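Reader: I am new to protein models and would like to learn how to read one feature by feature. Could you take me through this example slowly?

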Amino acid sequence: MSAAGSPRYSPAWLGLREEADAQARATRLLDPLRPHLAGLARPVIRDLGCGTGSMGRWLAGRLPGPQHWVMYDSDPELLDHARANMLDTAADGTPVTVETRVRDVTGLTAADLAGTSLVTASALLDLLTVDEVDGLARACVGAGTPALLTLSVVGRVELTPADPLDAGIAAAFNAHQRRVDGGRRLLGPDAVDAAAEAFTRLGADVLVDPSPWRLGPDQADLMASWLRGWIDAAVAARPDLAEPAIGYARRRLAAARAGGLRIVVHHGDLLAQCE
Ligand SMILES: C[S@@+](CC[C@H](N)C(=O)[O-])C[C@H]1O[C@@H](n2cnc3c(N)ncnc32)[C@H](O)[C@@H]1O
């Protein structure tokens, strides 16, 4: 399936998760990037599947020097948000410029990445197939471009207090993440391992760090929205869970509203150094 067939991600949902994403991303992976970028006159950073531009807003202010961001998405409306809301300056006050491109990022080649200083993505990898991740790794390694690929789901969630249906819903959700969508088998929770394997096989140095969301009473809106999506996806994969899921959703949403629920949604971040 091409990107044209991808589900639409609402600006409201991306906005709701932006702060949790910002808190979760693994800052240790930025340490090897700073000296690499500091030596360049005007680094070009390509953010794949940028949505409303959350990755750029998080990263540009944490990196030194002038930066030029090229933001890609299949959704032109999200790109309008990204362009309009990008930071103007880097960590040291130097200018940040931005352009946007509507395109399916799964076809990017080493030639497309020529002269690119860094490829980034956030919450994208788990939407790709093993061949698409392999193609991305080939493009980055072929161009000698490092890749920072953040916030891929890894298939583990912890809800406190526990409920007898947690494990069944989690397993069904993971099955949904690994579904075949328009003839494409999505990687879902296998994305970080697949990317680490692909980049390592092609000779890149790979670092992986955890990047969990830690949701508590202060994030009740995000928690409720995530819970609804998590349960709906589980039921889509396992329709036999539809009936028990009604009571489960009621219990979990009530606990979230009352401030009595904590959720850890585990993700992984990956840095591939390809020089
Ligand atoms: C879960 S959202 C993450 C958005 C953003 N990176 C963030 O962290 O907020 C995934 C984004 O990837 C885009 N996307 C998914 N598959 C794509 C593809 N093959 N080519 C281009 N964009 C894609 C979607 O339109 C969506 O904006």
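Author: We shall go from the overall form to the ligand, then to a cavity, and last to the backbone. Please keep in mind throughout that this is a predicted model.

Reader: What secondary structure does the protein have, and how does its radius of gyration fit the expectation for a compact globule?

Author: One begins by counting helices and strands, and here the protein has nine helices and 10 strands. For the overall form, one compares the radius of gyration with a rule based on chain length: a compact globule of 275 residues would have a value near 19 Å, and because the protein has 19 Å, the two agree. Along the principal axes, the C-alpha atoms fill a box of roughly 55 × 40 × 30 Å.

Reader: Which residues come nearest to the ligand, and where are N or O atoms of the protein placed against those of the ligand?

Author: One looks at the surrounding residues and then at pairs of polar atoms. Of the 19 residues around the ligand, the nearest are Gly 49, Asp 73, Asp 104, Val 105 and Ser 122, and by class the shell divides into nine nonpolar, seven polar and three charged residues. The side chain of Asp 73 places an N or O atom 2.6 Å from an oxygen atom of the ligand. Val 105 uses its backbone instead, with an N or O atom 3.0 Å from a nitrogen atom of the ligand, and a backbone N or O atom of Ser 122 is 2.8 Å from a ligand nitrogen atom. Of the 590 Å² of accessible area that the ligand has on its own, the protein covers 97%.

Reader: How many cavities of 30 Å³ or more does the structure hold, and which residues line the largest cavity?

Author: One asks about volume and then about lining. The structure holds one cavity of 30 Å³ or more, and the largest cavity contains about 50 Å³ of space. Its lining includes Val 105, Leu 124 and Glu 132, and divides into six nonpolar, two polar and one charged residue. Helix α5 (residues 130-143) gives the largest share, three residues.

Reader: What is unusual about the backbone at Ala 123 and between Thr 160 and Pro 161?

Author: Most residues other than glycine have a negative phi, and most peptide bonds are trans. Ala 123, in the loop between β4 (118-122) and α5, has a positive phi of about 55° although it is not a glycine. The peptide bond joining Thr 160 and Pro 161 is cis, with omega about 0°, and Pro 161 lies in the loop between β5 (147-160) and α6 (166-177).

Technical notes:
Residues are numbered from 1 along each chain as its sequence is written. This is a predicted model: local features need pLDDT of at least 70, side-chain atom pairs count only at pLDDT 80 or more; totals for chains, interfaces and linings use all residues. Side-chain values use heavy atoms; hydrogens and water are left out. On a 1 Å grid over the protein atoms alone, a cavity is a set of points where a 1.4 Å probe fits but cannot get out, and a pocket is an open set with protein on both sides within 12 Å along at least five of seven lines; lining residues have an atom within 4 Å of a point. Grid points are joined across faces, edges and corners, and a volume is the space filled by probe spheres set on the points. Helices (H or I, at least four residues) and strands (E, at least two) are DSSP runs, numbered from the N terminus. Ala, Val, Leu, Ile, Met, Phe, Trp, Tyr, Cys and Pro count as nonpolar, Asp, Glu, Lys and Arg as charged, and the others, Gly among them, as polar. A residue is near a molecule or strand if one of its heavy atoms lies within 4 Å of it. A polar contact is a pair of N or O atoms within 3.5 Å; within protein, one must be able to donate a hydrogen and the other to accept it, and residues adjacent in sequence count only if both atoms are side-chain atoms. Accessible areas come from the Shrake-Rupley method with a 1.4 Å probe; for residues, only the protein chains shown count as cover. The radius of gyration is taken over C-alpha atoms; the globule rule is 2.2 Å times the number of residues to the power 0.38.
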